[in-house]
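Thanks, everyone, for making the time this morning. I would like to talk through one structure with you, and I will put it on the screen now.

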Amino acid sequence: MNEVANPAACKLVIDGVSKWFHTDRASVHALDSIDLSVGEGEVVCLVGPSGCGKSTLLDIIAGLTRPDAGRVLADGQPVQRPGRERLVMFQESALFPWLDAFGNVMFGLKLRPEFANRDRREIAYRFLDLVGLEKFAHAPIHELSGGMKQRVALARALAPDPQVLLMDEPFGALDAMTRDQLYEDIQQIWKKSRKTVVFVTHNVREAVCLGDRVILMSPSPGRILRAFDIPLSRPRDMNSVELATHAARIAAALRGRAGAEAE
Ligand code: ADP
Ligand code: MG
């Protein structure tokens, strides 16, 4: 049951998606009949404990993994393979260490072969500017901090102008202070270049800070437990009382589930 009334108006429709993984020792039921619709320009956060299938679902939306049952529609068309309309940003920034920041963003722009090299260079500098790294365009990757590397990865994912941005715990490896700054900045960036975003995290406050909607998942098998609307205005302050209230409600639902499983 998709909660958005008109699937044709949805940017993404995840329709009855199930996935198993078979190894020598066991079969894992990673996702069980996932139904979810994401509207154009909406930011949806998937939150849940490790192993509940968040990354698997994101990979299926990206077209990197095929579901065993069900399908994903992007703009009404079945997703068969990765495409430049849906780009993924991972936790480990997965940058090329032999290229500088500019070179990494230019690499992302290979997805836009229709642009002349001069235009690509201009776009690359524009997106490094957008993420606040204009002064570090030609710094080697190993000289950048973890937060700066993730800013490069964000610029690389945004520069080809995908319609959907898929983010898998992109800030998970960063310290709390660096993350707080990124939450402020990414809200500004999204305001300037509005995208449809599916953002995976196991951090409930992060999900509430960034999402229009937070989808709570549970493991074994991976299922959607509940969806929470987050009607807070932006920019949102990670440390505000309103945000903490929403996060507490979701954390309680998560704990309730864990308690039910322990019984
Ligand atoms: P999450 O991202 O929420 O931590 P994942 O999507 O990575 O969860 O994994 C969901 C379940 O599927 C886990 O039990 C995990 O061990 C299993 N799994 C994921 N990828 C594979 C794989 N390639 N082979 C076997 N099992 C896998
Ligand atoms: Mg994961």
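I will begin with the surroundings of the ligand, go on to a helix, and end with a glycine in a loop.

Please keep in mind throughout that what you see is a predicted model. Around ligand 1 the model places Phe21, Thr23, Val28, Ala30, Ser50, Gly51, Cys52, Gly53, Lys54, Ser55, Thr56 and Gly222. The elements that supply two or more residues to this shell are strand 2, covering 27-39, and helix 1, covering 54-62, and it is helix 1 that gives the most, with three residues. If we sort the shell around ligand 1 by character, seven of its residues are polar, four are nonpolar and one is charged.

That brings me to helix 1 itself, which is mostly covered, since eight of its nine residues are buried. The buried residues are Lys54, Ser55 and Thr56, then Leu57 and Leu58, and finally Ile60, Ile61 and Ala62. What follows helix 1 is Gly63, a residue with a positive phi, near 90°.

Now to the glycine in the loop: Gly83 sits between strand 5, at 77-78, and strand 6, at 86-89. Is Gly83 buried or exposed? Neither label fits, because Gly83 has 16 other C-beta atoms within 10 Å, whereas a buried residue needs 20 or more and an exposed one has 12 or fewer, and Gly83 is therefore partly exposed. As a last point, the C-alpha atoms of Gly83 and Ile230 are separated by 30 Å, with the two positions 147 residues apart along the chain.

Notes:
Residues are numbered from 1 along each chain as its sequence is written. Chains are lettered from A and ligands numbered from 1 in the order in which they are written. This is a predicted model: local features need pLDDT of at least 70, side-chain atom pairs count only at pLDDT 80 or more; totals for chains, interfaces and linings use all residues. A residue is near a molecule or strand if its C-beta atom, placed from the backbone, lies within 6 Å of it. Helices (H or I, at least four residues) and strands (E, at least two) are DSSP runs, numbered from the N terminus. Ala, Val, Leu, Ile, Met, Phe, Trp, Tyr, Cys and Pro count as nonpolar, Asp, Glu, Lys and Arg as charged, and the others, Gly among them, as polar.
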